[in-house]
Amino acid sequence: MKQRRRLRPLAAITVVVLAAGCSTGGSTLTQSPAGPSVVHRQLSFAGQTRNYRVYVPTTLDPRRPAPLVLVMGGVGDTADSMTNATGFDHEAETGNFVVAYAEGINQNWAAGFCCSGTRSNTVDDVGYLNHLLDRLEADHKIDAARVYAVGVSAGAMMAYRLGCQDADRIAGVGSVAGAMLLDACQPARPVSVIEIHGTADPLVPYNGGAVSPPGVATQPVPATTGLVQHWAGLDTCPDPATTQTQPPVTTTTWSGCALGTGVRLVTIDGGGHTWYATGFGAVNGSIDATHAIWSFLGSLRRAG
């Protein structure tokens with residue numbers, strides 16, 4: 001896989017005040033210079049028009065339903081910048097799935113507690129992303145039982161919000177440097193989850209703590225407490241989990257969870273706030289986050 005760039009240190013969690021209207025609209029195809037497997041589109045929702053990008057592998061059989069991975073970046077990341085950062089096009093080509101890269105308003109997401117400031121609960125990004133999924137399913141033959149939400153930082157927080165609120169649609173969540181408020185999550189059915197997180201993340205602390213906007217604190221990530229253990233509980237995963245360590249990476253996996261779901265935590269000792277990829281050094285390049293996410297989620301279908 002070709003080397004990918006490091007994400008900007010995500011001023012990602014900067015406050016932006018947004019306003020939403022109330023009208024909806026359709027999508028508009030725009031010219032794409034990238035070839036027949038790539039399309040750039042625009043989709044209007046609630047009075048706002050947003051960009052998204054879709055990659056359809058050349059090897060995909062158009063007669064058969066394909067899995068869909070929906071990718072969301074941190075604040076300031078565009079659909080194209082997330083394409084470069086993650087290399088998900090390459091993973092889609094080898095894994096035979098469709099990948100779509102979504103953008104929030106002003107490249108920002110309302111994840112319920114972050115990252116659109118005081119209006120984080122009033123911007124309807126859940127509604128927009130469901131509208132986008134409707135469009136993707138109309139344009140492509142998608143396997144409805146294999147739709148996955150993936151993101152980094154603010155985009156990971158948004159992916160968790162989708163998993164919590166749209167478990168009837170989202171089979172799994174892939175999060176890099178993510179967080180969520182645990183008491184706000186009541187999924188309608190079990191959802192598979194993989195969290196990839198560095199212990200030295202300065203913006204979304206591994207052991208929990210303040211995430212911008214000021215005063216909002218997240219739960220710790222470690223397997224024994226907090227975010228990932230919470231999902232293992234939601235999915236009624238049996239204990240104990242299995243743990244494998246190949247420094248600086250420790251992988252903890254819960255299997256045999258309700259209705260065939262699974263939960264995994266990948267901890268990078270000393271890892272920062274970035275999308276992990278080959279070429280980023282001994283620590284941040286110790287794991288390919290894109291491949292790790294697809295390898296885990298790709299075999300897991302929507303519960304029930």
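Here are some questions and answers on the disulfides, salt bridges and a few buried spots of this predicted model.

Me: How many disulfides are there in this model?
Reply: A disulfide is a covalent bond between the sulfur atoms of two cysteines. Here Cys114 goes with Cys115, Cys164 with Cys185, and Cys237 with Cys257. That brings the count to 3 disulfides.

Me: If I number the bonded cysteines in sequence order, what is the pairing?
Reply: Start with Cys114 joined to Cys115. Then comes Cys164 joined to Cys185, and then Cys237 joined to Cys257. In sequence order, the pairing reads 1-2, 3-4, 5-6.

Me: Is the link of Cys114 and Cys115 right-handed or left-handed?
Reply: The two sulfurs sit 1.9 Å apart. Cys114 is buried at 1% relative accessible area, and Cys115 is buried too, at 2%. The angle about the S-S bond is 85°, and that link is right-handed.

Me: Which way does the link of Cys164 and Cys185 turn, right-handed or left-handed?
Reply: For this disulfide the S to S distance is 2.2 Å. About the S-S bond the angle is -100°, and the link is left-handed.

Me: How many residues apart in sequence are the parts that Cys164 and Cys185 tie together?
Reply: The disulfide here is the one from Cys164 to Cys185. Cys164 belongs to helix α4 (residues 154-165), while Cys185 is in the loop between β7 (172-176) and β8 (192-198), so the parts tied together are apart in sequence by 21 residues.

Me: Are Cys164 and Cys185 buried or exposed?
Reply: Buried means under 20% relative accessible area. Cys164 comes in at 9%, and Cys185 at 1%. With that cut-off, Cys164 and Cys185 are both buried.

Me: Where does Cys257 sit, and where is its partner Cys237?
Reply: Their sulfurs are 2.1 Å apart, and the torsion of about 110° makes this disulfide right-handed. The pair links distant parts of the chain, 20 residues apart: Cys237 is in the loop between α5 (226-234) and β11 (242-246), and Cys257 is in the loop between β12 (249-254) and β13 (263-268).

Me: Which elements do the buried residues of α5 pack against?
Reply: An α-helix has 3.6 residues a turn, so residues three or four places apart point the same way. In α5, the buried residues are Gly226, Leu227, Val228, Trp231 and Ala232. They pack against α4, β8, β12 and β13.

Me: What residue follows α5, and what is its phi?
Reply: Just after α5 comes Thr236. Its phi is positive, near 45°.

Me: Which side chain does the side chain of Asp77 make a polar contact with?
Reply: Asp77 is in the loop between β4 (66-72) and α1 (79-86). It's buried, with a relative accessible area of 3%. Its side chain makes a polar contact, at 3.1 Å, with the side chain of Ser81.

Me: How many salt bridges does the model have?
Reply: Side chains of opposite charge can pair when their charged atoms come close. Among the salt bridges here are Asp134 with Arg169 and Asp143 with Arg301. The count comes to 10 salt bridges.

Me: How far apart in the sequence are Asp134 and Arg169?
Reply: These two form a salt bridge with their closest N and O atoms 2.6 Å apart. Asp134 is in helix α3 (residues 125-139) and Arg169 is in the loop between α4 and β7, putting them apart by 35 residues.

Me: Which residue of the Asp134 and Arg169 pair is buried?
Reply: The cut-off for buried is under 20% relative accessible area. Asp134 is at 42%, so it counts as partly exposed. At 16%, the buried one is Arg169.

Me: How many residues apart in sequence are the parts tied together by Asp143 and Arg301?
Reply: In this salt bridge the closest N and O atoms are 3.2 Å apart. Asp143 lies in strand β6 (residues 142-152) and Arg301 in the segment after α6 (289-297), so the separation in sequence is 158 residues.

Me: Are Asp143 and Arg301 buried or partly exposed?
Reply: Asp143 has 13% relative accessibility, and that counts as buried. Arg301, at 44%, is partly exposed.

Definitions and conventions
Residues numbered from 1 in each chain as written. Predicted model: local features only at pLDDT ≥ 70, side-chain atom pairs only at ≥ 80, totals over all residues. Heavy atoms only, no water. Disulfide = S-S within 2.5 Å. Buried < 20%, exposed > 50% of the residue type's maximum accessible area, 1.4 Å probe, protein only. Helix = DSSP H or I, 4+ residues; strand = E, 2+ residues; numbered from the N terminus. Contact = heavy atoms within 4.5 Å. Polar contact = N/O pair within 3.5 Å; in protein donor to acceptor, adjacent residues only side chain to side chain. Salt bridge = Lys/Arg side-chain N within 4 Å of Asp/Glu carboxyl O.
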